[in-house]
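Let's take a walk through a protein together, starting with one side chain and working outwards. Have the sequence and the 3D view ready as you read.

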Amino acid sequence: MIRLEKVTGRNVWDILRLSVKDEQRSFVAANDISIIEAYTSITGNGYAYPFGIYDDDTAVGFLMVGYDTDDYWENPPKIAEKNYNLWRFMIDKNYQHKGYGKAAMKLRKCTVPLALQKPAIWTKRRLLQF
């Protein structure tokens, strides 16, 4: 089952091992940069929520949700102000084209901000929350 799991000290290495294809590197920041960005946002009183995308116990991707805009953003879009935003999204090169991205987007859409409070999984048929 596809699920989102908050990035913690227990799973951060799973997430740091994920990468996209070489030709995709210019489209998304590396996960280490994203996690650093989340840290600097949080320590600057901002809101960033990094999640691993898992299929059972296997990390297959990463996404990060933010709230509002960060001070260092230049000309942020108005829609980002006082809203949840998808800051990062990637599926590891070994798991692309298998439906993980679509399932993760459905899960994110259904659970933000609920996923920030309680675990949830997407079973390809429905959302389960605990």
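Find Arg-3 first: its relative accessibility is 18%, and because the cut-off for buried is under 20%, Arg-3 counts as buried. Keep in mind that you are looking at a predicted model. Arg-3 belongs to strand 1, which covers residues 2-6. What does the charged end of Arg-3 sit over? It lies over the ring of Tyr-54, at 4.7 Å from the ring's centre. The side chain of Arg-3 also has a polar contact, at 2.3 Å, with the side chain of Glu-5.

Now step back to see the whole chain. The protein has 130 residues, and 42% of them are buried. Its 3 helices and 6 strands follow the order β-α-α-β-β-β-α-β-β when you read from the N terminus. Among contacts with a separation of 6 or more, 57% join residues that are 24 or more positions apart. On the outside, the accessible surface is about 8,100 Å², and carbon and sulfur atoms account for 52% of that.

Next, let's look inside. In soluble globular proteins, nonpolar side chains tend to be buried together. The largest nonpolar core here has 15 residues, and the members touching the most others are Val-7, Ile-15, Ile-35, Phe-62, Met-64 and Met-90. At least two residues come from each of helix 1 (12-16), helix 2 (31-43), strand 2 (47-55), strand 3 (58-67) and strand 4 (84-91). Which strand gives the most to this core? That is strand 3, with 3 residues.

Try clicking on Phe-62 to see its surroundings. Leaving aside residues up to four places away in sequence, Phe-62 touches a list of residues including Val-7, Ile-15, Leu-18, Ile-35, Pro-50, Phe-51 and Met-90. One of these, Phe-51, is part of a second, separate core of 12 residues, which also includes Tyr-100, Ala-104 and Leu-107.

Tyr-100 leads us on to the aromatic rings. Searching the whole structure turns up 3 aromatic pairs. In one of them, Tyr-95 and Tyr-100 meet edge-to-face, with 6.0 Å from centre to centre and 80° between the planes. Are these two partners buried or exposed? Tyr-100 is buried, at 12% relative accessible area, while Tyr-95, at 25%, is partly exposed. Elsewhere in the sequence, Tyr-47, Tyr-67 and Tyr-84 form one aromatic cluster.

Notes
Residues numbered from 1 in each chain as written. Predicted model: local features only at pLDDT ≥ 70, side-chain atom pairs only at ≥ 80, totals over all residues. Heavy atoms only, no water. Phe/Tyr/Trp six-rings, centres within 6.5 Å; stacked < 30°, edge-to-face > 60°. Buried < 20%, exposed > 50% of the residue type's maximum accessible area, 1.4 Å probe, protein only. Lys NZ or Arg CZ within 6 Å of the ring centre and 35° of its normal. Helix = DSSP H or I, 4+ residues; strand = E, 2+ residues; numbered from the N terminus. Polar contact = N/O pair within 3.5 Å; in protein donor to acceptor, adjacent residues only side chain to side chain. Core = buried A, V, L, I, M, F, W, Y, C linked by side-chain atoms within 4.5 Å. Contact = heavy atoms within 4.5 Å. Areas by Shrake-Rupley, 256 points an atom, 1.4 Å probe, with all protein chains shown as cover.
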